[in-house]
Structures are given as structure tokens and as C-alpha cells.
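Grab a pencil and take a look at the model below. Then try the exercises before reading the solutions.

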Amino acid sequence: STQLHQVLMGLVLNARDAQPEGGRIFLRARPRVLDQEAAEHLPGARPGNYLELSVRDCGPGLSAEARQHLFAPFFTTKPRGQG
């Protein structure tokens, strides 16, 4: 879907920008089955078959302050006019 493409592209581009001298970006997709107990720990989830996506890079990571705003709609750690 277009939304999934946009999310993945955003994650990959941010990972690239976090590693200005080069590095690695790891993408993983794997099947995951949630039973009732596992689903109870994930808001809005129901038991069933899912695809789990993970993105990891070798960048320096986010500061504690940045992590507090991680899901804010317009939050960025990039300078104004970039990203």
C-alpha cells in the first residue's frame, strides 16, 4: 500500500541521515502469530496472523528528550528546512 511505502521510505531515509559517514540499515519482515495473551499487551490488537516489520540501523540513536516526542506528528531532530 502507499501508506506502508511512505512509512518504510521515511524510516530508511531517517536511518540514512543518522549515519552520515555510512553504515548499515536492516529491514526484516517475518510472520507473527498473536495469541490472546500477546494481543492483550498490544492496544487494539486481536489474536491472529500478522506480518512483523522491523527497521534497525547503526546510527547513534536518539536522545532521551527526542524519544519522548518520537510519535508526535511533526517532530523532527533535523535542522529547519531539512527533512
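Here come two exercises on charged pairs and one on a glutamine.

This is a predicted model, where local features need pLDDT of at least 70, side-chain atom pairs count only at pLDDT 80 or more, and totals for chains, interfaces and linings use all residues. Residues are numbered from 1 along each chain as its sequence is written, and side-chain values use heavy atoms, leaving out hydrogens and water.

**Exercise 1.** Find the residues that shared salt-bridge partners join into one network.

Solution. Start with the rule: a side-chain nitrogen of Lys or Arg sits within 4 Å of a carboxyl oxygen of Asp or Glu. Arginine 16 pairs with aspartate 17, with 2.9 Å between the closest N and O atoms. Next, aspartate 17 also pairs with lysine 78, at 2.7 Å. Those two partners are 61 residues apart, aspartate 17 being in helix α1 and lysine 78 in the segment after α3 (64-68); helices are DSSP runs (H or I, at least four residues), as are strands (E, at least two).

**Exercise 2.** Work out which strands the salt bridge between arginine 30 and glutamate 52 ties together.

Solution. First check the pair: its closest N and O atoms are 2.6 Å apart. Then place the residues: arginine 30 is in β1 and glutamate 52 in β2, so parts 22 residues apart in sequence get tied together.

**Exercise 3.** Is glutamine 19 buried or exposed?

Solution. Locate glutamine 19 in the loop between α1 and β1. Its relative accessible area is 8%, so it counts as buried (under 20%; exposed is over 50%, partly exposed in between, with a 1.4 Å probe and protein chains only). Finally, the side chain of glutamine 19 reaches the backbone nitrogen of cysteine 58 at 3.2 Å.

Conventions. A polar contact is a pair of N or O atoms within 3.5 Å; within protein, one must be able to donate a hydrogen and the other to accept it, and residues adjacent in sequence count only if both atoms are side-chain atoms.
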